[in-house]
Amino acid sequence: MYAWAGGTDAFVRLCEAFYDRARADDLLAPMFAEMDPGHARYVALWLAEVFGGPPVYTEQHGGYAHMLSLHIGRGITEPQRRRWLNLMMDAADDAGLPADPEFRAAFVGYLEWGTRLAASNSQPGADPVRRAPVPRWGWGVAPPYLG
Ligand code: HEM
């Protein structure tokens with residue numbers, strides 16, 4: 001899926017488009033007001049790794065444990081989670097990610113899974129798994145039909 005999407009550059013375009021939208025969003029802007037200027041790129045490297053790209057987030061940006069630490073205690077609400085997901089799908093269009101049924105189905109599958117975990121791990125008193133590899137997501141049941 002990493003190669004199908006267009007590699008790291010495609011995920012960087014995606015995340016830049018996402019944060020352009022998030023910074024102007026009533027529910028999300030307050031959460032991202034203090035973010036590190038490199039944030040869009042770091043999330044892009046995470047997503048690139050998840051979808052089969054090189055393990056740059058794991059090797060250079062603290063991997064799963066660092067990602068988790070930035071969600072803990074934030075108390076992400078269901079409306080915020082859903083908005084995050086909606087803006088990421090809008091950003092996929094903005095950034096020209098592949099729009100074929102197979103890619104978008106697998107892509108949204110990961111985002112549904114990941115946003116629900118992020119929201120649940122961010123609740124007060126949550127006790128998430130502290131150490132784990134970056135997940136690796138694939139095409140699932142409907143890979144591209146290549147004849
Ligand atoms: C599939 C779902 C998600 C993924 C893959 C993801 C990924 C990440 C990653 C990799 C980071 C750390 C970036 C770094 O190394 O600096 C991060 C931070 C963060 N995430 Fe998420 N996230 C997800 C869902 C969410 C949701 C649903 C919210 C809130 C609605 C959220 C809010 C944040 C915030 C506020 C930070 C810290 C930003 C900063 O101040 O630097 N995330 N996320």
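These are my notes from going through this predicted model, starting with the whole chain and ending at the ligand.

**Entry 1: overall layout**

I counted secondary structure first. The chain has seven helices and zero strands. Reading from the N terminus, I get α-α-α-α-α-α-α.

Then I checked the dimensions. Along the principal axes, the C-alpha atoms fill a box of roughly 50 × 35 × 25 Å. The radius of gyration is 15 Å, and a compact globule with 147 residues would have one near 15 Å, so the chain agrees with that expectation.

**Entry 2: helix 2 against helix 3**

I looked up how helix 2 (residues 7–23) sits on helix 3 (residues 39–50). Their axes are 8 Å apart and the packing angle is about 135°. That makes the pair oblique, because an angle has to be over 145 degrees to count as roughly antiparallel. I also noted the handedness: helix 2 and helix 3 cross in a right-handed way.

Which residues make this contact? From helix 2 I listed Thr8, Phe11, Val12, Leu14, Cys15, Glu16 and Tyr19. Facing them from helix 3 are Ala40, Arg41, Val43, Ala44, Leu47 and Ala48. Sorted by class, the contact of helix 2 with helix 3 has 10 nonpolar residues, one polar and two charged.

**Entry 3: helix 6 against helix 7**

Next pair. Helix 6 and helix 7 have axes 10 Å apart and pack at about 150°. The cut-off is 145 degrees, so helix 6 is roughly antiparallel to helix 7. The crossing of helix 6 and helix 7 is right-handed.

I wrote down the contact residues here too. Helix 6 puts in Glu78, Arg81, Trp84, Leu85, Met88, Met89 and Ala92. Helix 7 answers with Phe107, Val108, Leu111, Glu112, Thr115 and Ala119. The class split for helix 6 with helix 7 is nine nonpolar, one polar and three charged.

**Entry 4: the ligand shell**

Last stop was the ligand, which has 25 residues around it. Which of them come nearest? I found Met35, Tyr42, Trp46, Gly114 and Ala118. The elements giving two or more residues to this shell are helix 3, helix 5 (63–69), helix 6 (78–94) and helix 7 (101–121). Helix 7 has the largest share, at five residues.

I finished by sorting the shell around the ligand by class: 14 residues are nonpolar, seven are polar and four are charged.

Conventions
Residues numbered from 1 in each chain as written. Predicted model: local features only at pLDDT ≥ 70, side-chain atom pairs only at ≥ 80, totals over all residues. Axes fitted to C-alpha atoms, helices over the stretch in contact; angles between N-to-C directions. Helix = DSSP H or I, 4+ residues; strand = E, 2+ residues; numbered from the N terminus. Parallel < 35°, antiparallel > 145°, perpendicular 65-115°, else oblique. Left-handed = near helix turned anticlockwise from the far one by under 90°. Contact = placed C-beta atoms within 7 Å. Nonpolar A, V, L, I, M, F, W, Y, C, P; charged D, E, K, R; others polar. Near = placed C-beta within 6 Å. Rg over C-alpha atoms; globule rule 2.2 N^0.38 Å.
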